[in-house]
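Please open the model in your viewer and keep the sequence panel beside it, so that each selection can be followed in both. The tour moves from the whole chain to single residues.

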Amino acid sequence: KQWYQRRVRGGTLVIMCDFSVDDVVLAKLPSGSIFYARILSVSSALQQVTAEFDDGSTTSVPWDNLFDVNATTDVIVCVVCKGGESEPPNEIVICDKCNVGYHQKCHPLGITATQIAKEKWF
């Protein structure tokens, strides 16, 4: 699912976006790498957002390079190491509260198999 919409209203193209400031998204950069990012601002005129990454860097990202972290299950990466492999005993776990993925060993507190077995993990 991409997070933008184009609609024609009375013969006029109207650009709309379905995301807002502080949303966490997956952002695809020109290099092809995909990272978690937080939206700092949205520009309808430029059809892009300013995104902040976990290292504190910011860049402009076009709307068509933004993906919903809830709907993009085939592109799940660890927010810490950016790796996509998920094998026991170091699986990627998605937080039920913030929808951010962490490898068990990358999470600051570590995540045990027992914690993963619980119905919800925060």
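Before the first stop, one term is needed: two residues are in contact when heavy atoms of theirs lie within 4.5 Å. With that in hand, and keeping in mind that this is a predicted model, look at the whole chain: of the contacts with a separation of 6 or more, 36% are accounted for by residues 24 or more positions apart.

**The whole chain**

Colour the chain by secondary structure, and you will find 1 helix and 9 strands, which run from the N terminus in the order β-β-β-β-β-β-β-β-β-α. Switch to a surface next: the chain exposes about 7,400 Å², and carbon and sulfur atoms supply 51% of that area, while buried residues make up 30% of the 122 residues.

**The sheet of five strands**

Return to the cartoon and select β3, β4, β5, β6 and β7, which belong to an open sheet with the order β6-β5-β4-β3-β7 and antiparallel pairing. Which strands stand at the edges? They are β6 (58-62) and β7 (66-68), and each has a single partner strand, so one side of each is left without a neighbour in the sheet. If you turn the view so that you look across the strands, you can follow how neighbouring strands of this sheet are turned by 50° against each other on average, with direction ignored.

**Two hairpins**

Now select β3 and β4, which pair in the antiparallel sense over 5 bridges and form a hairpin with 5 residues between them. In the turn of this hairpin, pick G32, which has a positive phi of about 95°. Along the paired strands, V25 has A37 in β4 as its bridge partner.

Keep β4 on screen and add β5: these two strands run antiparallel and are joined by 6 bridges, and they too form a hairpin, with 4 residues between them. Q47 is in the turn and has a positive phi of about 55°. Two pairings are worth picking out here, for S41 has T50 in β5 as its bridge partner, and A37, which you have just met, stands opposite F53 in β5.

From Q47, move across to D64, which lies in the loop between β6 and β7. D64 and Q47 are 17 residues apart in sequence and 8.6 Å apart in space, C-alpha to C-alpha. D64 is partly exposed, with a relative accessible area of 39%.

**An aromatic pair**

Show the side chains of F35 and F53, and ask how their rings are arranged. The ring centres are 6.2 Å apart and the planes are at 80°, so the pair is edge-to-face; planes over 60 degrees apart fall into that class. The pair links distant parts of the chain, since F35 is in strand β4 (residues 34-43) and F53 is in strand β5 (residues 48-53), 18 residues apart. Are these two residues buried or exposed? F35 is partly exposed, with a relative accessible area of 22%, whereas F53 is buried, at 9%.

**The nonpolar cores**

F53 also leads to the next selection, the largest nonpolar core, which has 12 residues: F19, V25, A27, L29, A37, I39, V49, A51, F53, V61, W63 and L66. The elements that give two or more residues to this core are β3 (24-28), β4 and β5, and the largest share, 3 residues, comes from β5. In soluble globular proteins, nonpolar side chains tend to be buried together. A second, separate core of 10 residues can be shown in another colour, and it includes L26, V77, Y102 and I111.

**The last stop: I92**

Finish by selecting I92, which lies in strand β8 (residues 92-94) and counts as buried at 15% relative accessibility. Which residues is I92 in contact with, leaving aside its neighbours within four places in sequence? They are I76, V77, C78, G83, G84, E85, S86, G101, Y102 and H103. To see one of these contacts more clearly, place a distance label between the C-alpha atoms of I92 and Y102, which are 10 residues apart in sequence and 5.2 Å apart in space.

Notes
Residues numbered from 1 in each chain as written. Predicted model: local features only at pLDDT ≥ 70, side-chain atom pairs only at ≥ 80, totals over all residues. Heavy atoms only, no water. Phe/Tyr/Trp six-rings, centres within 6.5 Å; stacked < 30°, edge-to-face > 60°. Buried < 20%, exposed > 50% of the residue type's maximum accessible area, 1.4 Å probe, protein only. Core = buried A, V, L, I, M, F, W, Y, C linked by side-chain atoms within 4.5 Å. Areas by Shrake-Rupley, 256 points an atom, 1.4 Å probe, with all protein chains shown as cover. Pairing = 2+ DSSP bridges. Axes fitted to C-alpha atoms, helices over the stretch in contact; angles between N-to-C directions.
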